[in-house]
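Subject: Structure handover and notes

Hello,

Here is the structure I said I would pass on. My notes on it follow below the display.

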Amino acid sequence: MNPVISVIKTRALEGMQNQIATCRAQGRDAGYTTDDVRQLENILDDYLAAIDRAEENNEVEVMAVVKDAVLKLNTLYEACKGHLIEADQREDLATVINLAAAARGVGDGKSDITEQWRNW
């Protein structure tokens, strides 16, 4: 995995875990669980594996992989009633998706190719 993508992915996941701990320490519920964070990590890992298998510069194939991951993240986000992905994580997740797609020749890594499907 690209080291930049790895760092950004880790930062997003750690931020989610830290929020759970902060809420617990304050006697509040984060609105999501460690299992939800694991599910999100699995979605990202599946996405990154699928992107690596996608044909380079094949916009149709790469965008289908992007769409699938974004829709899965939407479903998880909705199941957590909008609590799972905060603003910082939103940017990090989109960056991971955008950079991985750009590495396969689709997008520039800076423009957000997730927006058309993203609910988080």
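A cut-off first, as the burial classes below depend on it: a residue is called buried under 20% relative accessible area, exposed over 50%, and partly exposed in between. Please also keep in mind that this is a predicted model.

Overall fold

The chain contains four helices and zero strands, giving the pattern α-α-α-α when read along the sequence. Its radius of gyration is 14 Å, close to the 14 Å that the globule rule gives for 120 residues, so the chain is as compact as a globular protein of that length. The C-alpha trace spans about 50 × 25 × 20 Å along its principal axes.

Of the 120 residues, 42% are buried. Among contacts with a separation of 6 or more, 69% are between residues 24 or more positions apart. The accessible surface of the chain is about 6,600 Å², and carbon and sulfur atoms account for 45% of that surface.

Charges and salt bridges

The chain carries 13 positive and 21 negative charges, and the mean positions of the two sets lie 4 Å apart. In general, side chains of opposite charge can pair when their charged atoms come close. Searching the whole structure gives five salt bridges. Three of them are described here, among them two that link separate helices.

Lys9 and Asp45 form a salt bridge, with 2.5 Å between the closest N and O atoms. Lys9 sits in helix H1 (residues 3-25) and Asp45 in helix H2, so this pair ties together parts that are 36 residues apart in sequence. How exposed or buried are the two partners? Asp45 has a relative accessible area of 30%, which means that it falls between the two cut-offs and counts as partly exposed. Lys9, at 8%, is under 20% and therefore buried.

Arg11 forms a salt bridge with Asp92, and here the closest N and O atoms are 2.7 Å apart. This pair also links distant parts of the chain: Arg11 is in helix H1 and Asp92 in helix H4 (residues 87-103), with their positions 81 residues apart in sequence. Arg11 is partly exposed, at a relative accessible area of 47%, whereas Asp92 is buried, at 9%.

The salt bridge between Asp35 and Arg38 has its closest N and O atoms 2.4 Å apart. Both residues belong to helix H2, three residues apart, which is about one turn of the helix. Both are partly exposed: the relative accessible area is 49% for Asp35 and 44% for Arg38.

An unpaired acid

Asp36 may be worth a look in your viewer. The residue lies in helix H2 (residues 34-53). Which side chain of opposite charge is nearest to Asp36, and how far away is it? It is Arg38, at 9.2 Å, and Asp36 has no salt bridge although it is buried. The cut-off for a salt bridge is 4 Å between a side-chain nitrogen of Lys or Arg and a carboxyl oxygen of Asp or Glu. Apart from neighbours within four places in sequence, Asp36 is in contact with Leu76, Cys80 and Leu84.

Regards

Technical notes: Residues numbered from 1 in each chain as written. Predicted model: local features only at pLDDT ≥ 70, side-chain atom pairs only at ≥ 80, totals over all residues. Heavy atoms only, no water. Rg over C-alpha atoms; globule rule 2.2 N^0.38 Å. Buried < 20%, exposed > 50% of the residue type's maximum accessible area, 1.4 Å probe, protein only. Contact = heavy atoms within 4.5 Å. Areas by Shrake-Rupley, 256 points an atom, 1.4 Å probe, with all protein chains shown as cover. Lys, Arg positive; Asp, Glu negative; His and termini not counted. Charge placed at Lys NZ, Arg CZ, Asp CG, Glu CD.
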